[in-house]
Each structure stands twice: as structure tokens, then as C-alpha cells.
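Here are my notes on the model you sent. They go through the sheets, the helix contacts and a few local points in turn.

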Amino acid sequence: MNGSSNAQPLRVLIIDDEKNLRDSIAAYLQTEGIEAQTAASGEAGKALLEAERFDAVVVDLKMPGMSGLDFLTWLKEGGPLLPAIMISAHGDIKDAVEAMKRGAADYLVKPFNPEELVVRLRMVVENARLAASASAMQTVADKTVRRSVAALDANWIGSSPAMKEVRALIERVAPTDSTVLVTGESGTGKEVVARLIHRLSKRANGPFIPINMGGIPENLIESELFGYEKGAFTGADSRKTGLCELASGGTLFLDEVGDMPLPLQVKILRMLQEKKIMRLGGSRQIPIDVRIVAATNKDLEQAVKQGQFREDLFYRLAVIRLRLPPLRERREDIPLLAQLFVNRFAAEMGRTSLSLSGDALQVLQNYPFPGNVRELENAVERAVILSEGPQLLGKDFSFAGSAMGEPSVMSTADVRPRTALVPNATETPNDSGQKGEIKSLEELEKEAILKALAFYNGHREKTAQALGITRRTLLNKLKEYQIDE
């Protein structure tokens, strides 16, 4: 874990009853840029871990009182989630096996080269962070969001003056640990911003844990956030580490924070104030070290006035406020973003290089995009799937809510460009490539559904998403057109 200059130094706890050894280890680690603290017993080490945050622990096997193995058992069953390296003057293979069974990440026999300890420490901390990040991603991440972030984050999300101002603010606040509140309509790229803040921060090598506060049922959200102890409730057969604890050393992204129920707001406020959490069914506070980035599409100040959001929590979250403008306020970014999506989807689908025609750009520039960047992405994906030829044309684009018989979201000012989406008698070629017979809307709908179903191998959820309709609408259309996948 050679990390960038932005990375926080590791904090390691050394537990050994031999004073000279633990002090010499601590001194060497300090020369390697690793913060080290020492404890003379397992009990003293346990107390330190309950009060402070560490990235790893080095513990001796044989000590009076609480032995190293007893300490590992406590760490595994009730202690903080962090890797431990066992050290021992005895090279007994049984001791090593038992240490691993009780949760040790590594085992070193005294005397050992301090350089090797540094390498092992960095390796086990990196592995723990990767495991935490992977676990959290499996729990809360959304494939579409991750894909959007991967494409947009590298290229930023536009070059308009408004977005340049946002970028400049991000670069100023990212290196700090201040809490950031990102506001903006749905689909404006709030998670993209949160990830960029994380990557530009001193926590870049730590985990980024996103949590959709409105996407977890209220009766489960506390156990997801804070975890629980074995036996905390019926079905709690083992200890579960919460997402807040998994994010320690990194960034916790609270998305749709305005949807938090009031009782949970109290606990989040306490976490921010005390930098500690308590698992459900637990009896002790667990120290955590997280940077909070929150996001919402709601007016939290209005929610505070209406008693739906705590005022003290609002001010805790809004230390830095960052507003993302909707896409309709920065239309000059549309061509750049659209081509970016075209390139990515064409590559994913094995298509040769595609470009946007002039009339396609006109259609996109004139559409209001109530769903913002996310809607633009979905529209481009559909167009790439259903188009033929080296260019995307205006007629290749349709938008969620204005296709498949659902109400159009376009204003009367957009009628002219929108007519390009429905072929007319003077400009529509038939299958032979000549002007002639007009296909009905029903035929066009059926053809679009069949193409999308074929592309996604009959997967209904993906087909509906690509077409910009709900799954229920797709099922109704399949029944109406008697389509058997």
C-alpha cells in the first residue's frame, strides 16, 4: 500500500508485555510514516481500541492475563473490524493455525525483520479495505450508477461555466474532512461528485461506501448502517458489521439523506458528534473515522421548517453546500456528454465508431431532460441499440414517458424537433430503402421491443430500462402484441 501523498498515515496498535520490544517496533514504524501506539497487555489494548480508531493491530501470542489468542477471540466476536498480525517467540505451527482460526490476518515469528512487518502491515490493511469496499458494493451499489460514474468521473461531467465552478469548489473542499451536502435534481450526478471528492481527498485509499437512505426499508436501515451483535434479534445468528464501520478510514456517502426517518436522524447526528457508533444489541461504543458526503434532491431547509428534518443535523451536514445545476441550465454540455455515452455504448455492444448527426444533436439540444444526465444516458443507450448505420439520427431517439404510449414530457416549444422522432410520408424509407409505405406506431413499437428483447436475450427488466418504460408497461405490450420471448 504505497498510496499517494493524499493518503492518511496508518495507525497501528502494538500489544506486547515486553516493553523494549514494543517500543522498538513502534519507533521503527514511526520512521516508516506509520503512527504507532503501544499497550502492555491485552486488556490495555482492548481499552485503547474501544476509545480510538486504528487501522491494524500487532499482538503478542503469550502474555499474562488476556493472551493473544483471547484477544483475537474478542476482536473477532465483539471488537472493531480491523486486521491483526500475531507475533510469537514460538514457531509452533499449531499456534499459527489457531491464530488464523481466531481471525489473525498474518503470523510472524520473533525475531523478525521490521521491514517485513511493515510490508505485512500494509498488505493486510489494503486487503481489509478492499474486502470492506467489495462487501459494501455488493450490498448497496447499483450497476447503472457504477457504470455512469466510471464513464463520467474520468471526464468530469461537462465544461460549461456552471460545472467549471462546481469543479473548482470540489478541488478546494476535497482535501479537508469537512462534511459536504450535494443538492440537485435526480440524475444530475450527485454520486459522481461524491466519488470525485473522495478520490481527491486524503482518504482516497480508503473505502467509498454509498448508502441510498431511501432505498433500504425503514425496519432494516439501522442494522445495515450500524450492524448488530449475535442474538440482537430473532434471526441474528452471527455478528454483522454495519456500513458505517466498513467505511472507517474512508468516505460514507449518504444519498437521498432527506428521506431519513426522524429517529434515525438522531443516531446519525450522534455519530457525527461523537465519531462512534453502537451495533444493535451491543453495549459499547465503537470508534469510527469517516468523512460524510450527503446528497438530496429535496429542499432540506423547507423540510426543517415543516419539522420533517432536524435543524441541528442539517447544519452538521451542510458545512459545505454544493448545488448541481440541472442539464437544461447547461445545454452546452449536452453534445460532449452525448458523444461520451455514444462511444461507451458502441464499445460495449461491439459496434464500430458511431457519431451523432446534426439532427440528432438538434433533438437532444431541444429536449428539456427532466431526468437530467441519467435520462440522456438512457436515451443514448436506446438509440445505439436500435440504430442502424454509422450515425445516430434524430429519429433514433425517444425518451422515457414519451414512448410506448405513455404521456410525453415535452413542452409545446419542443414540438418541431420532436416530430423528427416519428417518420412521415415524405422522408421515411421502407425496408427496401425507398420512400413509400409508412409504418404504423404499433409496428414501430413492436419492432423496437423485439430488437431490445433480442439484444438482452429476453431479459425483461433490462429491456424495459433500455426502452425507457416500466416493466409493467413492457409486460402489457408483450401481451398486446402477442410477443413470446
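1. In these notes, contact means heavy atoms within 4.5 Å, and angles run from 0 to 180 degrees between N-to-C directions. With that in mind, α7 lies across β6, β13 (291–296) and β14, and runs at about 155 degrees to β14. An angle over 145 degrees counts as roughly antiparallel. The model is a predicted one.

2. The sheet beneath α7 deserves its own description. It is open and has five strands, in the order β7-β10-β13-β6-β14, with parallel pairing. At its edges are β7 and β14 (320–323), each of which pairs on one side only. From one strand to the next the twist averages 20 degrees.

3. Within that sheet, β7 and strand β10 (residues 251–255) run parallel and are joined by five bridges. Ile209 has Leu252 as its bridge partner in β10. Helix α8 also belongs in this picture: α8 lies across β6, β7, β10, β13 and β14, and its direction makes about 155 degrees with β7.

4. There is another open sheet of five strands, ordered β2-β1-β3-β4-β5, and its pairing is parallel. Which strands stand at the edges? They are β2 (35–39) and β5 (106–109); each has a single partner strand, so one side of each is left without a neighbour in the sheet. Direction ignored, neighbouring strands here are turned by 20 degrees against each other on average.

5. Strand β1 (residues 11–15) runs parallel to β2, and five bridges join the two. One of the residues involved is Val12, whose bridge partner in β2 is Ala36. Helix α1 (residues 19–31) packs on this sheet and touches β1, β2 and β4 (84–88). The direction of α1 makes about 170 degrees with that of β2.

6. After β5 there is a point of backbone geometry to check. The peptide bond from Lys110 to Pro111 is cis, with omega near -10 degrees. Pro111 is found in the loop between β5 and α5 (114–140).

7. Next, the salt bridges. How many does a search of the whole structure find? The count is 33. In the bridge between Lys202 and Asp177, the closest N and O atoms are 3.6 Å apart. Lys202 lies in the loop between α8 (190–199) and β7 (208–212), and Asp177 in the loop between α7 (161–173) and β6 (180–183), so the pair ties together parts that are 25 residues apart in sequence.

8. The helix pairs come next. Two packed helices are described by the angle between their axes and the distance between the axes. For helix α14 (residues 334–348) and helix α16 (residues 372–386), the axes come within 9 Å and cross at roughly 45 degrees. The two helices are therefore oblique to each other, and their crossing is right-handed.

9. Which residues make the contact between α14 and α16? From α14 they are Ile334, Leu337, Ala338, Phe341, Val342, Arg344, Phe345 and Ala346, and from α16 they are Val373, Leu376, Glu377, Val380, Glu381 and Val384. By class, this contact has 11 nonpolar, no polar and three charged residues.

10. Helix α14 also packs against α15, at an angle of about 120 degrees and with the axes 10 Å apart. That angle makes α14 oblique to α15. The crossing is right-handed. Ile334, Pro335 and Ala338 of α14 meet Leu361, Leu364 and Gln365 of α15. Five residues of this contact are nonpolar, one is polar and none is charged.

11. The loop between α15 (358–366) and α16 holds Phe369. What is the phi of this residue, which is not a glycine? Phe369 has a positive phi of about 50 degrees.

12. The last pair is helix α19 (residues 460–467) and helix α20 (residues 471–480), whose axes come within 9 Å and cross at roughly 100 degrees. α19 is therefore roughly perpendicular to α20. In α19, Arg460, Glu461, Thr463, Ala464 and Leu467 meet Arg471, Leu474, Leu475 and Leu478 of α20. The residues of this contact divide into five nonpolar, one polar and three charged.

Key. Residues numbered from 1 in each chain as written. Predicted model: local features only at pLDDT ≥ 70, side-chain atom pairs only at ≥ 80, totals over all residues. Heavy atoms only, no water. Helix = DSSP H or I, 4+ residues; strand = E, 2+ residues; numbered from the N terminus. Parallel < 35°, antiparallel > 145°, perpendicular 65-115°, else oblique. Left-handed = near helix turned anticlockwise from the far one by under 90°. Nonpolar A, V, L, I, M, F, W, Y, C, P; charged D, E, K, R; others polar. Pairing = 2+ DSSP bridges. Salt bridge = Lys/Arg side-chain N within 4 Å of Asp/Glu carboxyl O.
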